[in-house]
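Trainee: I'd like to learn how to read the features of a model. Please take me through this one.

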Amino acid sequence: MTPTVGAAPAMPVTGAVLEAARAAARDAALPAYIYDLAHLRAHLARIRSGLAHAGPRLSLLHAVKANPDAGLVRTIARHVDGLEVASGGELAHVLAVAPGAGLAFGGPGKTDGELAAALDASVDRFHAESLRELRRLDRLARQRGTTADVLLRCNIPLDGSSAGPEGAALVMGGTPSPFGMDPETADQAAALIADLAAIRFVGVHAHLASGLGPTACAATAQSILSWAEAFAARHGLALEEVNVGGGMSVDYARPEATFDWDEYGRLMAQVLDRHPGIRVRIEPGRAVSAYSGWYATRVLDLKRSHGSWFAVCAGGTHHLRTPAAKGHSQPLAVVPAASGRADAEVADEPVTFVGQLCTPKDLLAADVPVESLAVGDLVVFGMAGAYAHNISHTGFLMHPEPTVVHVGE
Ligand SMILES: *Cc1c(COP(=O)(O)O)cnc(C)c1O
C-alpha cells in the first residue's frame, strides 16, 4: 500500500470528548462517535452572530443530509430558521426529532409518496427539480385541496468572477448535472407554472458549489440573485425569495481555519443591499456540524512494513468514510492508554492509520508524525460531525456498528 494523501494535522479534542473517549475505552464501547453538543452550540452562536451583520432578510437553514444524528439535529434546530430535508426518510426523521422546525424539501427523484408526505406535513418550501416534478406536485396538492410554495431549483452558469480567489472544491453549476433545471428548462417551468393552480412560485434555489470561502460564497450568492431577478422579471413572476445553497468551506488540512462567518455576513449585507425586498436563505451542512463530531477508536496492532509504520485501528472507513470519500488524511489526536500503557513501540516516526477492512482503501490518515504510539492507545479523529458516520458503508465486512455518545447536552 502506498498512501498518497497528505499528512494529517493534529486535532484539538475538547475535555468532554476526551473524557467520553476514555470512558468508552473502559466500557469496551470503542469505536465510538462522540458528539459535543456544547461545542456545537458555541459554533452555532458564532455562525449566527456573523450572519446577523446581514440582518433579518438572510435566514439560515441546515441541510440535514450532512448528519441526521438526532442529538445534532435537535440542537441545530434550536439555532436555525429551518431544516432542509432531501428524502422522505429525512422528512419523517426530522418531524419526529425536531417537531415544529421550518422545513424545506429538496433533492432529486422525489417520489409521489414523498411529495404527498411533505404536503401532509405542511412543509414550508418545495425545491422543484424538474417539470415533471412540478406537474406531480401540483396534482398531489390539488388532490389535497392545498397549495405548494415552490422555489425552482436552477442549474445556472456561475460567472467567472464568482469563483473568487479561494476557488471552489466542487462546482456544480452551469455544467450538465442531474440537479435542478438548466436555464432553458427553467424558462419552460415559468411558463408551466401559470397553468398549475396549486403551485405558488416563491423564488429560485441554486446550490452550485462547495468548498467556497466567504468571498467566493458571497459572489456566488450575488450571481444567483442577479440571475433570479432577471429570470423573474422576464416571466412576470414576483420574486420573493432566493435560496443560494450551502457549500461553505471546511478545510480538513487546517482544522483551526473555520469558515469566516463574520466576513461572510458583512459581504452578504452588501449583496442584500443590492437586492432590496428579497429574502435570502442559505442551507449549509458540512460547515455547521463537521467540527463537533469525533470518531474515537484504539490501536489494535502496530506493524512495520517495508520500512513504514502502520497502526491498525478498531473500526475503519466503514465507520468513518470521510477520508476515503475525500482522499484526505483525517486529522487526529493520539491519546496514550490511561492505564497499563505498554512501552511505546513507535517514537517520533510517521505512522499510517488504517482500519480493520481487507482493502488498501481503508486508510484513515497517512504518515502522521507521532511522538509515541503503543497498542491500546486511543486515536481520536476530529472533524467527524458531517458526512462521516452517515455516509459510511457499515455493512462491509460485518464488523460491529460504532457506538454513539453525546456530551455537553
Ligand atoms: C448537500 C447540499 C447542501 C449542503 O451542502 P454542504 O456542502 O454540506 O454545505 C445544501 N443544499 C443542497 C441542495 C445540497 O444538496
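**Around the ligand**

Trainee: Which kind of ligand atom is 2.6 Å from an N or O atom in the side chain of Tyr387?

Mentor: An oxygen atom, and the pair counts as a polar contact (N or O atoms within 3.5 Å of each other). Please remember that this is a predicted model, where local features need pLDDT of at least 70 and side-chain atom pairs count only at pLDDT 80 or more, while totals for chains, interfaces and linings use all residues. Residues are numbered from 1 along each chain as its sequence is written, and side-chain values use heavy atoms, with hydrogens and water left out.

Trainee: Which part of Lys65 and of Arg286 lies 2.8 Å from an oxygen atom of the ligand?

Mentor: For Lys65 it is a polar side-chain atom, whereas Arg286 uses a backbone N or O atom. The protein covers 89% of the 390 Å² of accessible area that the ligand has on its own (Shrake-Rupley method, 1.4 Å probe).

Trainee: How many residues surround the ligand, and of what kinds?

Mentor: There are 13, each with a heavy atom within 4 Å of the ligand. Gly247 and Glu283 are among the closest. The shell divides into three nonpolar, six polar and four charged residues; here Ala, Val, Leu, Ile, Met, Phe, Trp, Tyr, Cys and Pro are nonpolar, Asp, Glu, Lys and Arg charged, and the others, Gly among them, polar.

Trainee: How many cavities of 30 Å³ or more does a search find?

Mentor: Rolling a probe the size of a water molecule over the atoms shows where empty space is left. In this structure the search finds two. A cavity is a set of points, on a 1 Å grid over the protein atoms alone, where a 1.4 Å probe fits but cannot get out; lining residues have an atom within 4 Å of a point. The largest cavity holds about 60 Å³, the space filled by probe spheres set on its points, which are joined across faces, edges and corners. Its lining has 13 residues, with Leu212, Cys217, Thr220, Val244 and Gly246 closest to the centre. By kind, 10 are nonpolar, three polar and none charged. Helix H8 (residues 214-235) gives the largest share, four residues; helices (H or I, at least four residues) and strands (E, at least two) are DSSP runs, numbered from the N terminus.

Trainee: What is unusual about the backbone of Ala28, and which bond joins Leu30 and Pro31?

Mentor: Most residues other than glycine have a negative phi, and most peptide bonds are trans. Ala28 has a positive phi of about 55°, while a cis peptide bond joins Leu30 and Pro31, with omega about 0°. Ala28 lies in the loop between H1 and S1, and this loop also holds Pro31.

Conventions: 1 Å grid on protein atoms, 1.4 Å probe; cavity = no way out; pocket = protein on both sides within 12 Å on 5 of 7 lines; lining within 4 Å. Polar contact = N/O pair within 3.5 Å; in protein donor to acceptor, adjacent residues only side chain to side chain.
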